[in-house]
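Please open the structure in your viewer and keep the selection tool at hand. The tour goes from stop to stop, and at each one you will be told what to select and what to look for there.

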Amino acid sequence: MNKGKIELRRNGKNFEAGYCFIKGELNSLLKYHDLLSNSEQSYYDELKFERRKASYLLGRITAKNAVCELSQADIKSVSIEFGIFHFPVVKKHPAQNIQVSISHCGDIGIALAFPEEHPMGIDIEKISFDKVSTMKTTMSLNEIELIDLNPDLTLATGCTIIWTAKESLAKIFRTGLTIDFKVLEIDSIEKIKSCYVSHFRNVSQYKAISFHLNEYICSLVIPKKTTIDLDFFLKIFTNNFYDQNQNF
(Lines give C-alpha, C1' and ligand atoms only; values in the text may rest on other atoms or scores of the structure.)
Protein backbone atom coordinates (compact mmCIF):
# COMPACT_ATOMS: atom_id res chain seq x y z
CA MET A 1 0.00 0.00 0.00
CA ASN A 2 1.11 3.53 -0.69
CA LYS A 3 -0.74 6.71 0.23
CA GLY A 4 -0.14 10.42 0.42
CA LYS A 5 -1.26 13.80 -0.89
CA ILE A 6 -1.24 15.50 -4.27
CA GLU A 7 -1.06 19.27 -4.55
CA LEU A 8 -3.55 20.87 -6.93
CA ARG A 9 -2.79 24.42 -8.09
CA ARG A 10 -5.50 26.60 -9.57
CA ASN A 11 -5.64 30.38 -10.14
CA GLY A 12 -3.44 31.19 -7.18
CA LYS A 13 -5.33 28.87 -4.82
CA ASN A 14 -4.01 25.48 -3.75
CA PHE A 15 -6.03 22.37 -2.96
CA GLU A 16 -4.99 18.93 -1.79
CA ALA A 17 -6.19 15.47 -2.75
CA GLY A 18 -5.45 12.28 -0.86
CA TYR A 19 -4.51 9.16 -2.78
CA CYS A 20 -4.02 5.49 -2.01
CA PHE A 21 -2.83 2.55 -4.14
CA ILE A 22 -3.04 -1.12 -3.25
CA LYS A 23 -1.97 -4.17 -5.22
CA GLY A 24 -3.00 -7.55 -3.83
CA GLU A 25 -5.13 -10.67 -4.12
CA LEU A 26 -7.94 -11.47 -1.69
CA ASN A 27 -5.76 -13.44 0.74
CA SER A 28 -3.39 -10.50 1.19
CA LEU A 29 -6.29 -8.04 1.51
CA LEU A 30 -7.99 -9.88 4.37
CA LYS A 31 -5.63 -8.21 6.85
CA TYR A 32 -7.52 -4.97 6.17
CA HIS A 33 -10.94 -6.44 6.92
CA ASP A 34 -10.96 -5.08 10.49
CA LEU A 35 -10.65 -1.54 9.13
CA LEU A 36 -14.15 -1.72 7.66
CA SER A 37 -16.95 0.13 9.43
CA ASN A 38 -19.92 -1.86 10.71
CA SER A 39 -22.02 -1.11 7.63
CA GLU A 40 -19.11 -1.95 5.32
CA GLN A 41 -18.53 -5.24 7.12
CA SER A 42 -22.22 -6.11 6.82
CA TYR A 43 -22.13 -5.51 3.07
CA TYR A 44 -18.88 -7.45 2.68
CA ASP A 45 -20.25 -10.43 4.59
CA GLU A 46 -23.15 -10.71 2.12
CA LEU A 47 -20.83 -11.05 -0.87
CA LYS A 48 -20.60 -14.61 -2.17
CA PHE A 49 -17.77 -14.55 -4.71
CA GLU A 50 -14.09 -14.06 -3.96
CA ARG A 51 -13.56 -11.75 -6.92
CA ARG A 52 -16.30 -9.42 -5.70
CA LYS A 53 -14.94 -9.51 -2.15
CA ALA A 54 -11.47 -8.59 -3.39
CA SER A 55 -12.73 -5.68 -5.51
CA TYR A 56 -14.82 -4.39 -2.61
CA LEU A 57 -11.87 -4.46 -0.24
CA LEU A 58 -9.62 -2.80 -2.83
CA GLY A 59 -12.12 0.00 -3.28
CA ARG A 60 -13.05 0.58 0.35
CA ILE A 61 -9.57 0.36 1.86
CA THR A 62 -8.01 2.66 -0.75
CA ALA A 63 -10.87 5.17 -0.43
CA LYS A 64 -10.81 5.21 3.38
CA ASN A 65 -7.04 5.68 3.44
CA ALA A 66 -7.24 8.46 0.85
CA VAL A 67 -9.86 10.26 2.96
CA CYS A 68 -7.72 9.94 6.07
CA GLU A 69 -4.79 11.52 4.24
CA LEU A 70 -6.83 14.73 4.04
CA SER A 71 -8.12 14.79 7.60
CA GLN A 72 -6.03 12.45 9.78
CA ALA A 73 -9.26 10.86 11.02
CA ASP A 74 -9.42 7.39 12.51
CA ILE A 75 -9.95 5.08 9.56
CA LYS A 76 -12.79 3.14 11.21
CA SER A 77 -14.70 6.40 11.61
CA VAL A 78 -14.85 6.63 7.82
CA SER A 79 -17.53 4.68 5.98
CA ILE A 80 -17.72 4.59 2.20
CA GLU A 81 -21.28 3.77 1.26
CA PHE A 82 -23.37 3.78 -1.92
CA GLY A 83 -25.36 6.63 -3.43
CA ILE A 84 -28.62 5.90 -5.21
CA PHE A 85 -26.78 5.30 -8.50
CA HIS A 86 -24.10 3.22 -6.77
CA PHE A 87 -21.48 5.98 -6.64
CA PRO A 88 -19.33 6.11 -3.47
CA VAL A 89 -20.36 8.46 -0.67
CA VAL A 90 -18.23 9.35 2.37
CA LYS A 91 -20.25 8.99 5.58
CA LYS A 92 -19.61 8.93 9.32
CA HIS A 93 -16.64 11.23 8.99
CA PRO A 94 -15.92 14.38 11.04
CA ALA A 95 -14.71 16.40 8.06
CA GLN A 96 -17.61 17.35 5.79
CA ASN A 97 -17.73 17.72 2.00
CA ILE A 98 -15.00 15.22 1.16
CA GLN A 99 -15.71 13.10 -1.91
CA VAL A 100 -13.96 10.06 -3.36
CA SER A 101 -13.32 8.48 -6.73
CA ILE A 102 -12.48 4.77 -6.79
CA SER A 103 -11.21 2.38 -9.44
CA HIS A 104 -9.99 -1.21 -9.42
CA CYS A 105 -8.81 -3.60 -12.07
CA GLY A 106 -7.73 -7.14 -11.28
CA ASP A 107 -5.60 -6.97 -8.14
CA ILE A 108 -5.04 -3.20 -8.33
CA GLY A 109 -7.04 -0.61 -6.41
CA ILE A 110 -6.69 3.15 -6.57
CA ALA A 111 -8.67 5.97 -4.96
CA LEU A 112 -8.64 9.73 -4.69
CA ALA A 113 -10.22 11.84 -1.93
CA PHE A 114 -10.79 15.52 -2.63
CA PRO A 115 -12.77 18.53 -1.42
CA GLU A 116 -16.23 18.86 -2.94
CA GLU A 117 -15.32 22.25 -4.37
CA HIS A 118 -12.63 20.66 -6.57
CA PRO A 119 -14.10 17.62 -8.40
CA MET A 120 -11.88 14.83 -9.71
CA GLY A 121 -12.29 11.36 -11.20
CA ILE A 122 -9.95 8.41 -11.70
CA ASP A 123 -10.05 5.12 -13.59
CA ILE A 124 -7.61 2.31 -14.31
CA GLU A 125 -7.95 -0.34 -17.00
CA LYS A 126 -5.80 -3.10 -18.43
CA ILE A 127 -4.98 -2.74 -22.12
CA SER A 128 -6.64 -5.65 -23.92
CA PHE A 129 -6.97 -6.27 -27.64
CA ASP A 130 -10.06 -8.36 -26.83
CA LYS A 131 -11.85 -5.21 -25.63
CA VAL A 132 -10.99 -3.01 -28.61
CA SER A 133 -14.05 -3.89 -30.67
CA THR A 134 -16.36 -3.12 -27.74
CA MET A 135 -14.62 0.17 -26.97
CA LYS A 136 -14.76 1.24 -30.62
CA THR A 137 -18.55 0.90 -30.64
CA THR A 138 -18.67 3.75 -28.08
CA MET A 139 -16.25 6.01 -29.98
CA SER A 140 -16.79 8.61 -32.68
CA LEU A 141 -14.94 8.60 -36.00
CA ASN A 142 -13.01 11.64 -34.77
CA GLU A 143 -11.76 9.74 -31.73
CA ILE A 144 -10.58 6.82 -33.85
CA GLU A 145 -8.82 9.29 -36.13
CA LEU A 146 -7.07 10.86 -33.13
CA ILE A 147 -5.51 7.46 -32.40
CA ASP A 148 -4.56 6.87 -36.02
CA LEU A 149 -2.82 10.26 -36.22
CA ASN A 150 -0.78 9.70 -33.05
CA PRO A 151 2.35 7.65 -33.91
CA ASP A 152 2.97 6.80 -30.25
CA LEU A 153 -0.37 5.04 -29.80
CA THR A 154 -1.45 1.55 -30.76
CA LEU A 155 -5.17 1.07 -31.33
CA ALA A 156 -5.59 -0.85 -28.06
CA THR A 157 -3.69 1.75 -26.03
CA GLY A 158 -5.52 4.67 -27.62
CA CYS A 159 -8.91 3.07 -27.07
CA THR A 160 -8.04 2.42 -23.42
CA ILE A 161 -6.91 6.02 -22.91
CA ILE A 162 -10.20 7.28 -24.32
CA TRP A 163 -12.25 4.74 -22.37
CA THR A 164 -10.63 5.51 -19.00
CA ALA A 165 -10.82 9.26 -19.60
CA LYS A 166 -14.56 8.99 -20.26
CA GLU A 167 -15.05 6.69 -17.28
CA SER A 168 -13.27 9.19 -15.03
CA LEU A 169 -15.42 12.07 -16.26
CA ALA A 170 -18.59 10.02 -15.87
CA LYS A 171 -17.62 9.41 -12.23
CA ILE A 172 -17.54 13.17 -11.69
CA PHE A 173 -21.06 13.34 -13.15
CA ARG A 174 -22.00 10.37 -10.94
CA THR A 175 -23.74 8.66 -13.83
CA GLY A 176 -21.23 5.95 -14.67
CA LEU A 177 -21.18 4.92 -18.31
CA THR A 178 -24.98 5.02 -18.58
CA ILE A 179 -24.56 8.55 -19.95
CA ASP A 180 -24.63 9.12 -23.71
CA PHE A 181 -21.05 8.64 -24.90
CA LYS A 182 -21.45 11.59 -27.26
CA VAL A 183 -21.47 13.88 -24.21
CA LEU A 184 -18.08 12.47 -23.16
CA GLU A 185 -16.43 12.70 -26.58
CA ILE A 186 -12.66 13.33 -26.64
CA ASP A 187 -11.66 16.23 -28.90
CA SER A 188 -7.83 16.05 -28.67
CA ILE A 189 -5.01 13.90 -27.32
CA GLU A 190 -1.53 15.32 -26.79
CA LYS A 191 1.56 13.60 -25.41
CA ILE A 192 3.24 15.68 -22.69
CA LYS A 193 6.35 14.16 -21.13
CA SER A 194 5.34 10.58 -20.33
CA CYS A 195 1.63 11.32 -20.15
CA TYR A 196 -1.27 11.88 -22.54
CA VAL A 197 -3.47 14.91 -21.97
CA SER A 198 -6.95 14.81 -23.49
CA HIS A 199 -9.68 17.42 -23.77
CA PHE A 200 -13.42 16.92 -24.12
CA ARG A 201 -15.51 18.32 -26.96
CA ASN A 202 -18.65 19.03 -24.92
CA VAL A 203 -17.23 19.45 -21.41
CA SER A 204 -14.43 21.89 -22.03
CA GLN A 205 -13.91 22.78 -18.36
CA TYR A 206 -12.21 19.41 -17.71
CA LYS A 207 -9.11 17.63 -18.98
CA ALA A 208 -7.87 14.06 -18.66
CA ILE A 209 -4.30 13.05 -17.85
CA SER A 210 -3.49 9.44 -18.74
CA PHE A 211 -0.48 7.42 -17.61
CA HIS A 212 0.67 4.35 -19.55
CA LEU A 213 2.68 1.74 -17.68
CA ASN A 214 3.20 -1.74 -19.09
CA GLU A 215 -0.26 -3.29 -19.51
CA TYR A 216 -2.32 -0.56 -17.82
CA ILE A 217 -3.72 2.90 -18.42
CA CYS A 218 -4.65 5.11 -15.48
CA SER A 219 -6.59 8.29 -16.29
CA LEU A 220 -7.16 11.23 -13.98
CA VAL A 221 -9.75 13.90 -14.83
CA ILE A 222 -9.40 17.32 -13.22
CA PRO A 223 -10.62 20.85 -13.99
CA LYS A 224 -8.89 22.23 -17.09
CA LYS A 225 -7.16 25.13 -15.35
CA THR A 226 -5.84 23.00 -12.48
CA THR A 227 -2.20 21.94 -12.65
CA ILE A 228 -0.46 19.06 -10.91
CA ASP A 229 3.12 17.82 -10.86
CA LEU A 230 2.95 15.14 -13.55
CA ASP A 231 6.43 13.82 -12.73
CA PHE A 232 5.43 13.35 -9.10
CA PHE A 233 2.20 11.55 -9.94
CA LEU A 234 3.91 9.30 -12.47
CA LYS A 235 6.65 8.51 -9.94
CA ILE A 236 4.02 7.44 -7.42
CA PHE A 237 2.35 5.24 -10.01
CA THR A 238 5.63 3.70 -11.18
CA ASN A 239 7.25 3.11 -7.80
CA ASN A 240 4.25 1.42 -6.27
CA PHE A 241 3.00 -0.84 -9.02
CA TYR A 242 5.98 -1.67 -11.16
CA ASP A 243 8.16 -4.66 -10.45
CA GLN A 244 11.14 -4.82 -12.79
CA ASN A 245 11.20 -8.61 -12.58
CA GLN A 246 7.55 -9.13 -13.41
CA ASN A 247 4.78 -7.67 -15.46
CA PHE A 248 2.56 -5.12 -13.78
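Begin by selecting strands β1, β2, β6 and β5 of this predicted model, because in that order the four strands form an open sheet whose pairing is antiparallel. At the edges of the sheet lie β1 and β5, the latter covering residues 98-105, and each of these two strands pairs on one side only. If you look along the sheet, you will find that neighbouring strands are turned by 20° against each other on average, when direction is ignored. It helps to remember that strands of a sheet pair through backbone hydrogen bonds, either parallel or antiparallel.

Now select β5 together with β6, which pair in the antiparallel sense over eight bridges. Colour valine 100 and look across to β6, where the bridge partner of valine 100 is alanine 113.

Keep the sheet visible and add helix α3, residues 50-71, which packs on the sheet and touches β1, β2, β5 and β6. The direction of helix α3 makes about 150° with that of β2.

Next, move to β2 and β6, the latter being residues 108-115, and notice that these two strands pair in the antiparallel sense over six bridges. Which residue stands opposite alanine 113 of β6? Select glycine 18, and you will see that glycine 18 is the residue in that place.

From there, go on to β1, residues 2-10, and β2, residues 13-23, which pair in the antiparallel sense over nine bridges. Arginine 9 stands opposite asparagine 14 in β2, and this pair is a convenient landmark to label. The hairpin of β1 and β2 has two residues between the strands, and asparagine 11 there takes a positive phi near 50°.

Leave the sheet for a moment and select helix α2, residues 38-46, in which asparagine 38 lies. Is asparagine 38 buried or exposed? Asparagine 38 counts as exposed, because its relative accessibility is 60% and the cut-off for exposed is over 50%. Then pick serine 79, which is 41 residues away from asparagine 38 along the chain, and check that the C-alpha atoms of asparagine 38 and serine 79 are separated by 8.4 Å.

For a contrast, select serine 210, whose place is in strand β10, residues 206-213. Serine 210 has a relative accessible area of 1% and is therefore buried, since buried means under 20%. Show the side chains of serine 210 and serine 219, which are joined by a polar contact of 2.6 Å. Leaving aside residues up to four places away in sequence, serine 210 touches Ile161, Cys195, Tyr196, Ile217, Cys218 and Ser219.

Finally, zoom out until the whole protein is in view, and find its seven helices and eleven strands. The radius of gyration is 18 Å, close to the 18 Å that the globule rule gives for 248 residues, so the protein is as compact as a globular protein of that length. Along its principal axes the C-alpha trace spans about 50 × 45 × 40 Å. Of the 248 residues, 54% count as buried, while the protein exposes about 12100 Å², of which carbon and sulfur atoms supply 47%. Among the contacts with a separation of 6 or more, 54% are between residues 24 or more positions apart.

Methods:
Residues are numbered from 1 along each chain as its sequence is written. This is a predicted model: local features need pLDDT of at least 70, side-chain atom pairs count only at pLDDT 80 or more; totals for chains, interfaces and linings use all residues. Side-chain values use heavy atoms; hydrogens and water are left out. Buried means under 20% relative accessible area, exposed over 50%, partly exposed in between (1.4 Å probe, protein chains only). A polar contact is a pair of N or O atoms within 3.5 Å; within protein, one must be able to donate a hydrogen and the other to accept it, and residues adjacent in sequence count only if both atoms are side-chain atoms. Contact means heavy atoms within 4.5 Å. The radius of gyration is taken over C-alpha atoms; the globule rule is 2.2 Å times the number of residues to the power 0.38. Accessible areas come from the Shrake-Rupley method with a 1.4 Å probe; for residues, only the protein chains shown count as cover. Axes are lines fitted to C-alpha atoms, for helices over the stretch in contact, and angles run from 0 to 180 degrees between N-to-C directions.
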